[in-house]
Amino acid sequence: MGERSVKLPDIGEGIAEAELVEWHVKEGDLVREDDLLATVMTDKASVEIPSPLAGEVSWIGAKIGEAVAIGSTLVKLKVAGDDVAEPEDKAPKKDVPTPPIAKKAEAATTESASAPSIRPATLEARPATTSAIRRAPGEKPLASPAIRLKAREAGIDLRQVHGTGPAGRITHEDIDAFLSRGPAPRHGRAMPPKTAVTDVKVVGLRRRIAEKMALSKSRIPHITIIEEVNVSPLEDLRATLNRKPAPEHPKLTLLPFLMRAMVKALAEQPALNALYDDEAGIVHQHAGIHIGIATQTPSGLVVPVVKHAEARDLRDCSAELNRLAQRAREGTATREELTGSTITITSLGALGGLATTPVINHPEVAIVGVNKIAIRPVWDGTQFVPCKMMNLSSSFDHRVIDGWDAAIFVQRLKELLENPATIFVDP
């Protein structure tokens, strides 16, 4: 049993050192020839370092993130036999071109332990082999563990891959070539890969939405708070009120309750019902609460505005909300109905996920996002009980709204929604 050093080979382009980014082995591991030892990175590409011979890893020479000089010992291997003499160090090569495929077998037989072959991760794929892959039943393709892992992650059956390495061993280049040309059809039933690309010009409302979103995200540092709210009492109240609605009253959704809760919370924190003119350095706080409702229409996202929500009761908020949403979906909403908001609600309704990160409707300073209601177990102090839970996702302009104030606003909304009677009772 002897010990051999595996040194970091010259990886070309005058590079003196490379950063170690991944170890594929650890001390005590048994490796076979061509198994991956490590991956290093230059300023241009990742390079995989395979083992030039079989053995047991007895020593590793660097930590992840460290710079390793070309020619320094990367690992040491305990190898079979008594030939323990270290081979002479070869002078670093000035360039390591990709060896022609035809010479690969010869190169593999002449590699020394101190100068393993390298595998740039960005090597050009080899020409696809068009001949059918013929393997005897039960024959296992020759491939290193790294190659097998790569194939599994790509969903490739290695039995379909032609190996161009020594004795038909499958290499990284073979995997890349296989991926580039796609799998061979099976019994004529495989679907052809789709390569068409459709260019859709962003125009009209979609372009304006894109500009609006980009403006908001580029100029407003968002802070988002997500709070879980038990809306079981509110849902019970809503069901009761909807049980026998008057003909002139549409069924109540959750949004009118949220609007009324926001009116109450904003009366305590008027700084959040505001527009920020950042060029003038002025925050315009509005006494009137004009709530924009982000609404999905066949043409895209629009935001009709329920003006003066502070002067509307629950039914009036609901009626105006329904009227504006209908006009927005029909494309008949006027410019006045689509402008003038001072704070916005966004809701994905039943489609909403656990949480969202709402984008503020510039130049407003706050937005409240409604997520999907789901029944979840809640500990009431003695037992778990099923409750209708909903997450509120609210974003704020962190330039003018501190996190503390944002949290107070969210907690106030939670308190009001979990105790819906308090929405309608003055202190």
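**Exercise 1. Determine which residue in β19 stands opposite Ala366, and establish the pairing around β19.**

*Solution.* Ala366 stands opposite Phe396 in β19. The model is a predicted one, in which local features need pLDDT of at least 70 and side-chain atom pairs count only at pLDDT 80 or more, while totals for chains, interfaces and linings use all residues. Residues are numbered from 1 along each chain as its sequence is written, and side-chain values use heavy atoms, with hydrogens and water left out.

Step 1. Strands are DSSP runs of E with at least two residues, helices are runs of H or I with at least four, and both are numbered from the N terminus. Two strands pair if DSSP finds at least two bridges between them.

Step 2. Strand β17 (residues 366-370) is joined to β19 by five bridges, and the two run antiparallel.

Step 3. Strand β10 (residues 222-230) is also antiparallel to β19, with nine bridges; Val229 has Met390 of β19 as its bridge partner.

Step 4. Six bridges connect strand β18 (residues 374-379) with β19, again in the antiparallel sense, and Ala374 stands opposite Met389. β18 and β19 form a hairpin with four residues between them. In the turn, Gly381 has a positive phi of about 110 degrees.

**Exercise 2. Explain why β19 is described as largely enclosed by the rest of the structure.**

*Solution.* Step 1. A residue is buried when its relative accessible area is under 20%, exposed when over 50%, and partly exposed in between (1.4 Å probe, protein chains only).

Step 2. Strand β19 spans residues 384-397, and ten of its 14 residues are buried, so the rest of the structure largely encloses it.

Step 3. For the chain of 427 residues, the buried part is 40%.

**Exercise 3. Give the strand order of the open sheet that contains β1, and identify its edges.**

*Solution.* Step 1. The open sheet has four strands in the order β1-β8-β6-β3, with antiparallel pairing.

Step 2. Its edge strands are β1 (2-7) and β3 (30-31), each of which pairs on one side only.

Step 3. Six bridges link β1 to strand β8 (residues 73-79) in the antiparallel sense. Lys7 has Thr73 of β8 as its bridge partner.

**Exercise 4. Classify the packing of α6 against α7 and of α2 against α3.**

*Solution.* Step 1. Axes are lines fitted to C-alpha atoms, for helices over the stretch in contact, and angles run from 0 to 180 degrees between N-to-C directions. Angles under 35 degrees count as roughly parallel, over 145 as roughly antiparallel, 65 to 115 as roughly perpendicular, and the rest as oblique.

Step 2. Helix α6 (residues 254-268) packs on helix α7 (residues 314-330) at an angle of about 120 degrees, with the axes 9 Å apart. α6 is therefore oblique to α7. Contact means heavy atoms within 4.5 Å; here Leu255, Pro256, Phe257, Met259 and Arg260 of α6 meet Leu314, Cys317, Ser318 and Leu321 of α7.

Step 3. For helix α2 (residues 145-154) and helix α3 (residues 172-181), the axes come within 10 Å and cross at roughly 15 degrees. These two helices are therefore roughly parallel to each other. α2 contributes Ile147, Lys150, Ala151 and Ala154 to the contact, and α3 contributes His172, Ile175, Asp176 and Leu179.

**Exercise 5. State the secondary structure content of the chain and the share of contacts between residues 24 or more positions apart.**

*Solution.* Step 1. The chain has eight helices and 19 strands.

Step 2. Among contacts with a separation of 6 or more, 65% are between residues 24 or more positions apart.
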